[in-house]
Amino acid sequence: MVDRVRAWRPDVPHLREVLHAEFTEHAYPSHTHGDWTVLVVDAGAVSYDLDRHPHTAEPTTVTLLPPHVPHDGRSARLGTGFRKRVLYLDESWLPTGAVGHSVDHPTVARPDAAQGVQGVHRALAGGDVLEVESWLARLHDVLGEHLHGPAPSTAPDAPLARRLRELLDQAVVAGVTLDEASHLLGAHPSHLVRAFSQAYGIAPHRYLTSRRVDLARRLILDGHAVADAAHQAGFHDQAHLTRHFRRVLGTTPGVFARSVGPI
């Protein structure tokens with residue numbers, strides 16, 4: 001394993017920084033962050049002390065470290081090193097009362113937590129802000145349940161879901177972030193995702209992507225080049241369209257374009 005570090009600041013509300021790192025011998029001294037730290041170990045294992053209590057981060061779990069609480073870190077296995085991915089989320093992402101609970105229970109051994117973190121990282125690689133926000137909203141709920149237990153069940157909020165769908169329908173090409181929708185509709189992003197998914201059986205980002213694929217398909221049928229259709233439908237580029245077009249329709253836009261014509 002060769003030491004590598006990659007860090008960047010995505011343009012995603014609440015997500016302050018993303019860090020990917022591989023270390024063979026580095027050991028972190030005791031330090032603190034001003035943000036929530038959500039960590040997954042992809043190879044090896046990390047031993048750390050949090051508020052002077054020992055813990056281990058393994059590849060099968062998610063680690064949640066609270067802001068302003070000292071912790072350190074080192075490889076748990078001599079000579080093997082470790083590889084990790086980290087999300088730093090601003091201090092307001094979880095309530096202040098969650099800090100004490102996370103000091104006591106930093107290890108999250110829930111498959112849905114791991115799925116949420118992996119979803120965030122995949123969405124970051126794809127560059128879709130709404131998708132990143134949707135995964136972060138799901139992760140927010142899962143970690144909240146880990147710290148405080150399941151939230152009280154509530155009746156589906158169909159009116160809110162309908163208002164969000166109308167907002168997405170009005171911004172198929174331009175797009176809208178969950179943060180923007182949250183301010184416009186007066187609801188927390190997690191509640192928006194939950195209400196929409198309950199009402200329509202699909203996450204908001206998948207709904208918007210499906211609408212964009214439909215628009216691109218119609219543009220191709222009208223004779224537009226694939227790259228032009230991608231741009232007009234709100235995709236970053238042709239590769240972005242191709243990835244989602246194949247997932248939704250089972251073929252690439254190029255093959256679809258060549259099939260256009262009378263029977």
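**Notebook: a buried arginine, an open sheet and one cavity**

I began with Arg85, which counts as buried because its relative accessibility is 15%, under the 20% limit that I use for that class. I note at the outset that this is a predicted model, and that whatever I write below about contacts and accessibility is computed from it.

I then asked where Arg85 sits, and found the residue in strand β9, which spans residues 82-89. Which side chain does Arg85 join through a polar contact? The partner is Asp42, and the contact between the two side chains has a length of 2.8 Å. Leaving aside residues up to four places away in sequence, I listed what Arg85 touches: Leu19, His20, Val38, Leu39, Val40, Asp42, Gln118 and His121. Asp42 is therefore on the list of residues that Arg85 touches, while the burial of Arg85 rests on the 15% figure.

**The sheet around β9**

I next followed the strand pairing outward from β9. Strands β2 and β9 pair in the antiparallel sense, and I found 8 bridges between them; within this pairing, Ala21 has Lys84 of β9 as its bridge partner. On the other pairing of β2 that I looked up, strand β1 (residues 4-8) is joined to β2 (residues 15-23) by 5 bridges, and these two strands also run antiparallel. Two of the bridge partners I checked here are Leu19 for Ala7 and Val18 for Trp8. Leu19 thus appears in my notes both as the bridge partner of Ala7 and among the residues touched by Arg85.

The hairpin of β1 and β2 has 6 residues between its strands, and in it I noted that His14 takes a positive phi near 75°.

What is the order of the strands in the open sheet? Reading across its 6 strands, I obtained β1-β2-β9-β4-β7-β10, with antiparallel pairing. The edge strands are β1 and β10 (107-108), each of which pairs on one side only.

**An exposed serine**

For contrast I turned to Ser30, in strand β3 (residues 28-31), and asked whether this residue is buried or exposed. Ser30 is exposed, because its relative accessible area is 56% and the exposed class begins over 50%. With residues up to four places away in sequence set aside, Ser30 touches Pro70, His71 and Asp72. I also looked up the spacing to Gly73, which lies 43 residues from Ser30 in sequence but 7.8 Å away in space, taken C-alpha to C-alpha.

**The cavity**

I then looked for enclosed space and counted 1 cavity of 30 Å³ or more; the largest cavity has a volume of about 30 Å³. Its lining consists of Leu130, Leu164, Leu168, Val176, Thr177, Leu178, Ala181 and Pro204. The elements that give two or more residues to this lining are α4 (158-170) and α5 (178-185). By residue class, I recorded 7 nonpolar, 1 polar and no charged residues in the lining.

**The chain as a whole**

Finally, I took stock of the protein chain, which has 10 helices and 10 strands. Its C-alpha atoms fill a box of roughly 70 × 45 × 25 Å along the principal axes. Of the 263 residues in the chain, 46% are buried, and Arg85 belongs to the buried class. Among contacts with a separation of 6 or more, 69% are made between residues 24 or more positions apart.

Notes: Residues are numbered from 1 along each chain as its sequence is written. This is a predicted model: local features need pLDDT of at least 70, side-chain atom pairs count only at pLDDT 80 or more; totals for chains, interfaces and linings use all residues. Side-chain values use heavy atoms; hydrogens and water are left out. On a 1 Å grid over the protein atoms alone, a cavity is a set of points where a 1.4 Å probe fits but cannot get out, and a pocket is an open set with protein on both sides within 12 Å along at least five of seven lines; lining residues have an atom within 4 Å of a point. Grid points are joined across faces, edges and corners, and a volume is the space filled by probe spheres set on the points. Helices (H or I, at least four residues) and strands (E, at least two) are DSSP runs, numbered from the N terminus. Ala, Val, Leu, Ile, Met, Phe, Trp, Tyr, Cys and Pro count as nonpolar, Asp, Glu, Lys and Arg as charged, and the others, Gly among them, as polar. Buried means under 20% relative accessible area, exposed over 50%, partly exposed in between (1.4 Å probe, protein chains only). A polar contact is a pair of N or O atoms within 3.5 Å; within protein, one must be able to donate a hydrogen and the other to accept it, and residues adjacent in sequence count only if both atoms are side-chain atoms. Contact means heavy atoms within 4.5 Å. Two strands pair if DSSP finds at least two bridges between them.
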